[in-house]
Amino acid sequence: MPRSVTPDTVMLFAAGFGTRMGALTAKRPKPLVPVAGRALIDHALDLTAAAGISKTVVNLHYRGQMIRDHLAGRQILFAEEPEILETGGGLKAALSLLGPDPVLTLNSDAIWQGPNPIEALLAAWDPTRMDAMMMLIPPKQALGYAGQGDFHMAENGQLTRGPGAIYGGVQILKTEGLAEIDQNAFSLNLLWDQMLAKGRLFGLTYPGAWCDVGNPDGLKLAEDLIGTTDV
């Protein structure tokens, strides 16, 4: 498959307040909530390390120093946000660290059981056709998720919006379109809308199981999924 640039940089989103976690995030950021004895952010970083990603940028806001301390000694760059910028704004604010090439973005509030989703995206990425490619979860393979889904996917992987497959929180995307968004705080949905209009937003179906750990109920589901319990 043609490929011009293979991403080797990941942006890990870790700045949010984690309000859906309730008391679990009253004194710590959501990425440090433990699942099976390890912080959510460590589970996410396992994926990047196994995929051979060479550069990791973590954005910070709520209790950011706790995340810095937790990750001390690792080869990670930090993008400190003075205010919540949401996913799109956070990505835009970190461009000086990320560079101009396509990047991976990764949420830390999910547990994956099966093939490494980053490796799968890298293998399928085709920048000649795609401005972004996201990992999508079939509803029957999603735990802890109560929504309607996010996208319909055609046989060629091209996406349109609508109830169906669930965005799993990991993607490859080009960042040039961020310059056209004249806002500081905004969702990545604005960038995806640009790509959808051009027919250049694509998806890949995940073959394993996935658990949303955005609320307390997801913790037990995630621990059951990976076959162990938190201590």
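This report describes a seven-stranded sheet, a helix that packs on it, and helix 7 in a predicted model.

## The seven-stranded sheet

Seven strands form an open sheet in the order 5-4-1-6-12-8-13, and their pairing is mixed. The edge positions are taken by strand 5 (77-80) and strand 13 (201-205); each has a single partner strand, so one side of each lacks a neighbour in the sheet. From one strand to the next, the twist averages 25 degrees.

## Strands 1 and 4, and helix 1

Strand 1 (residues 9-13) and strand 4 (residues 55-60) run parallel and are joined by five bridges. Within this pairing, Thr9 stands opposite Lys55 of strand 4. Helix 1 (residues 40-50) packs on the sheet, where it touches strand 1, strand 4 and strand 6 (103-107). The direction of helix 1 makes about 165 degrees with that of strand 1.

## Helix 7 and its buried side

Helix 7 spans residues 217-226, and its buried residues are Gly218, Leu219, Ala222, Glu223 and Leu225. These residues lie on the same side of helix 7, because the arc they cover around the axis is only 155 degrees.

The cover over the buried residues of helix 7 includes strand 2 (34-35), strand 7 (110-113), strand 9 (142-143) and strand 14 (209-212). Helix 7 is followed by Gly227, which has a positive phi, near 80 degrees.

How values were computed. Residues are numbered from 1 along each chain as its sequence is written. This is a predicted model: local features need pLDDT of at least 70, side-chain atom pairs count only at pLDDT 80 or more; totals for chains, interfaces and linings use all residues. Side-chain values use heavy atoms; hydrogens and water are left out. Buried means under 20% relative accessible area, exposed over 50%, partly exposed in between (1.4 Å probe, protein chains only). Helices (H or I, at least four residues) and strands (E, at least two) are DSSP runs, numbered from the N terminus. The arc is that of the directions from the helix axis to the C-beta atoms. Contact means heavy atoms within 4.5 Å. Two strands pair if DSSP finds at least two bridges between them. Axes are lines fitted to C-alpha atoms, for helices over the stretch in contact, and angles run from 0 to 180 degrees between N-to-C directions.
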